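Here is a short briefing on one protein chain. Look over the sequence and the 3D view, then work through the points below.

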Amino acid sequence: MFEKILQPYKGLSKEVWILALTTLINRAGAMVVPFLALYLTNYLEFTMEQVGWIMSCYGFGSLAGTFIGGKLADRVGYHITMYASLLGAGLVFITLQFLSDYYHICIGIFILSLIADIFRPAMWVALDNYSLAENRTRSVTLIRLAINLGFSLGPAAGGLIITWWTYKGIFIVDGLTCIIAGLIIAFYLSQKTVPQAKKDTVLSPKKSPYKDRLFLVFWLALFLIGFTFMQYFSTVPLYYSEVLFLSEDRIGLLLASNGLLIFFLEMPLVNAFEKSKLNHLKIVIAGTILLMLSFLVLNLGPWVGMAILGIVLMTFGEMLGFPFSNSFALDRSKRGRQGDYMALYSMSFSVAHIMGPNIGMQFSAKFGFENTWYLMGLLCLVSCAILFYLQQQIAD
């Protein structure tokens, strides 16, 4: 029995496991982002429209950070890029608790996300260099398991800290975990020397992702998926609070269930789909359909049962969609500079963060949550159509 459970984890490198541990520690302290909208509305008493613009500042910083991170990963190396990003983000997190003015918060959030998201493209390049072609998707999944286990612990602990202490405490804990994760990377990981043969296959074409038409089509679909997914960390928690009247600790536990489900189910699920040799884009389409349903069920009735069902559907959509979309991007990145490709991949979520929470909140304020969920379902359907078109183009 244990042999079957451990089978999907075999063959992964030591560096991937250390990177996963680092990610787990970092994400276990990820308490600020899930509660940011609630902190800004309940503690600082900003309006929903103001919160939308603050979340857009987070997205703008993320966009700049991922672009810079891709350049740094290709030019100075992923190792120094990763630990410098984590250490810097830790210091900014701790500082952010002292800001209360609207414009200061906007600037602080922008700087935070810029520094923090320099990490992302560098981490994906590192993961690719620490992995073999046959276990790359499982390596991606292990990192996602670490992210989601940490995310299941983070909101749950964050909700308790807010309830029994103060909102300020989550900034301190988030900052300290970033610093600890950065120190682990600095001392226990190193820049891996890529064999010359691999360098030749990876770098010789030097194709820009911005000139790869099919990758740009994929990027558009991914942006729409990210746009809708971001609602679960901005508009949806407000729906839980204002319509379902859930407290912060219960919202934290509800969001934490997403990470727990992923921790227990994603690796076996991905391993099974990987063995089935199904087309990766078909799997992403299936995941997007589940994400669409997760929004539509919220309109079946304002009760907690539908919220739980929505989280479950979203989680299974995430488990199918994100690992295989990431694997598709890594495979495509072999055509040129990996850092630039993975930066553009990450930037889809950054642009989604600029627009998704802001538009979601502005739309909810004017037209209500019910119409917002219908809009998200429609966008998921459009992204499915784009992915189907992409699959047909690649097959030709």
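The residues that line the second largest cavity split into six nonpolar, four polar and one charged. This cavity belongs to a predicted model. The points below start with the cavity, then turn to the chain, its helices and one threonine.

**The cavity**
- The count of cavities of 30 Å³ or more comes to two.
- The second largest cavity holds about 60 Å³ of space.
- Its lining is made up of Ile225, Phe229, Val284, Gly287, Thr288, Leu291, Met314, Gly317, Glu318, Gly321 and Phe322.
- Three elements give two or more residues to this lining: α11 (213-229), α14 (280-296) and α15 (304-332).
- Which element gives the most to the lining of the second largest cavity? It is α15, with five residues.
- As a general point, rolling a probe the size of a water molecule over the atoms shows where empty space is left.

**The whole chain**
- The secondary structure comes to 17 helices and zero strands.
- The chain has 396 residues, and 59% of them are buried.
- Take the contacts between residues at least 6 apart in sequence: 87% of these join residues at least 24 apart.
- About 16,100 Å² of the chain is exposed, and carbon and sulfur atoms supply 69% of that area.

**Helix α14**
- α14 has 17 residues.
- From first C-alpha to last, α14 reaches 25 Å, close to the 24 Å expected at 1.5 Å a residue.
- The buried residues of α14 include Val284, Gly287, Thr288 and Leu291. These four residues also appear in the lining of the second largest cavity.
- Other buried residues of α14 include Leu281, Ile283, Ile285 and Phe295.
- What do the buried residues of α14 pack against? Their partners are α11, α12 (235-242), α13 (248-276), α15 and α17 (369-395).

**Helix α4**
- α4 covers residues 48-75, which makes 28 residues.
- Its first and last C-alpha atoms are 41 Å apart, close to the 40 Å expected at 1.5 Å a residue.
- Gly77 follows α4, and its phi is positive, near 105°.

**Thr41**
- Thr41 sits in helix α3 (residues 32-43).
- Is Thr41 buried or exposed? Thr41 counts as buried because its relative accessibility is 18%, and the cut-off for buried is under 20%.
- Leaving aside neighbours within four places in sequence, Thr41 is in contact with Phe46, Val51 and Leu238.
- Of these contacts, Val51 lies within the span of α4, and Leu238 lies within that of α12.

Methods: Residues numbered from 1 in each chain as written. Predicted model: local features only at pLDDT ≥ 70, side-chain atom pairs only at ≥ 80, totals over all residues. Heavy atoms only, no water. 1 Å grid on protein atoms, 1.4 Å probe; cavity = no way out; pocket = protein on both sides within 12 Å on 5 of 7 lines; lining within 4 Å. Points joined across faces, edges and corners; volume = space filled by probe spheres on them. Helix = DSSP H or I, 4+ residues; strand = E, 2+ residues; numbered from the N terminus. Nonpolar A, V, L, I, M, F, W, Y, C, P; charged D, E, K, R; others polar. Expected span 1.5 Å × (residues − 1). Buried < 20%, exposed > 50% of the residue type's maximum accessible area, 1.4 Å probe, protein only. Contact = heavy atoms within 4.5 Å. Areas by Shrake-Rupley, 256 points an atom, 1.4 Å probe, with all protein chains shown as cover.
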